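Here is a friendly note to read alongside the model. Take the points one at a time, and keep the picture open as you go.

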Amino acid sequence: MNMLTRFRRSQRASIAVEFALIAPVFIALIGFGMDLQQQAQMLASVRFVVQSSATAGASALNATGGTPDAATAKAQAAFTANAVVFPASVTVSPLTITFANGLITVAASASQSAYFPMFTDNISASAQASD
């Protein structure tokens with residue numbers, strides 16, 4: 001009996017073939033899950049940093065004699081202090097601060113290379129908060 005015939009009839013061989021067919025699917029699912037978790041974590045971090053910056057800016061704006069310049073400086077300082085939550089591999093956009101109707105609006109975004117770039121090369125998140 002030649003080797004190919006023995007391989008076809010062997011139970012071990014059939015298990016090896018099944019594993020070879022299913023393993024790439026499992027690896028892809030694990031990679032997709034890692035990228036999804038990475039994006040969720042980045043979105044939570046961006047939201048935290050933006051909301052804390054908006055709150056700091058609003059407290060400076062609502063202070064006695066608070067000016068938009070003072071609120072901008074306070075929001076920027078809070079953003080810089082809280083941006084340490086991002087790893088060095090994350091690119092964070094400059095903070096955008098606007099004032100309208102007594103509200104301060106702060107916006108920022110961040111991006112990072114995906115762990116498993118099968119589905120996407122970059123993972124990004126953005127957030128905006130008003131206070």
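1. Let us start with a term. Accessible areas come from the Shrake-Rupley method with a 1.4 Å probe, and for residues only the protein chains shown count as cover. By that method, the accessible surface of this chain is about 8,600 Å². Carbon and sulfur atoms account for 62% of that surface.

2. Please remember that you are looking at a predicted model. The mean pLDDT of the chain is 83, and 89% of its residues reach at least 70. Among the elements, helix 3 (residues 68-82) has the highest mean, 89, while helix 1 (residues 3-9) has the lowest, 64. Where pLDDT is low, the predicted coordinates should not be read in detail.

3. Now trace the chain from its N terminus. How many helices and strands does the chain have? There are three helices and four strands, and their order is α-α-α-β-β-β-β.

4. Next, consider the chain as a whole. Of its 131 residues, 30% are buried. If you take the contacts between residues at least 6 apart in sequence, 53% of them join residues at least 24 apart.

5. Find Ser-45 in helix 2, which covers residues 11-62. Is Ser-45 buried or exposed? Ser-45 has a relative accessible area of 16%, and because the cut-off for buried is under 20%, Ser-45 counts as buried. Setting aside residues up to four places away in sequence, Ser-45 touches Val-85 and Phe-86.

6. Stay in helix 2 and look for Gln-51. Its relative accessibility is 36%, and since partly exposed lies between 20% and 50%, Gln-51 is classed as partly exposed. Beyond its neighbours within four places in sequence, Gln-51 is in contact with Ala-129 and Asp-131. You can also locate Gln-128: it sits 77 residues from Gln-51 along the chain, yet the C-alpha atoms of the two are separated by 7.6 Å.

7. Finally, move to strand 3 (residues 103-113), where you will find Thr-105. Thr-105 is buried, because its relative accessible area is 16% and the limit is under 20%. Which residues does Thr-105 contact, leaving aside neighbours within four places in sequence? One group is Thr-96, Ile-97 and Thr-98, and another is Gln-128, Ala-129 and Ser-130. Ala-129 may be familiar, as it was listed among the contacts of Gln-51.

How values were computed. Residues are numbered from 1 along each chain as its sequence is written. This is a predicted model: local features need pLDDT of at least 70, side-chain atom pairs count only at pLDDT 80 or more; totals for chains, interfaces and linings use all residues. Side-chain values use heavy atoms; hydrogens and water are left out. Helices (H or I, at least four residues) and strands (E, at least two) are DSSP runs, numbered from the N terminus. Buried means under 20% relative accessible area, exposed over 50%, partly exposed in between (1.4 Å probe, protein chains only). Contact means heavy atoms within 4.5 Å. pLDDT is the predictor's confidence in each residue, from 0 to 100.
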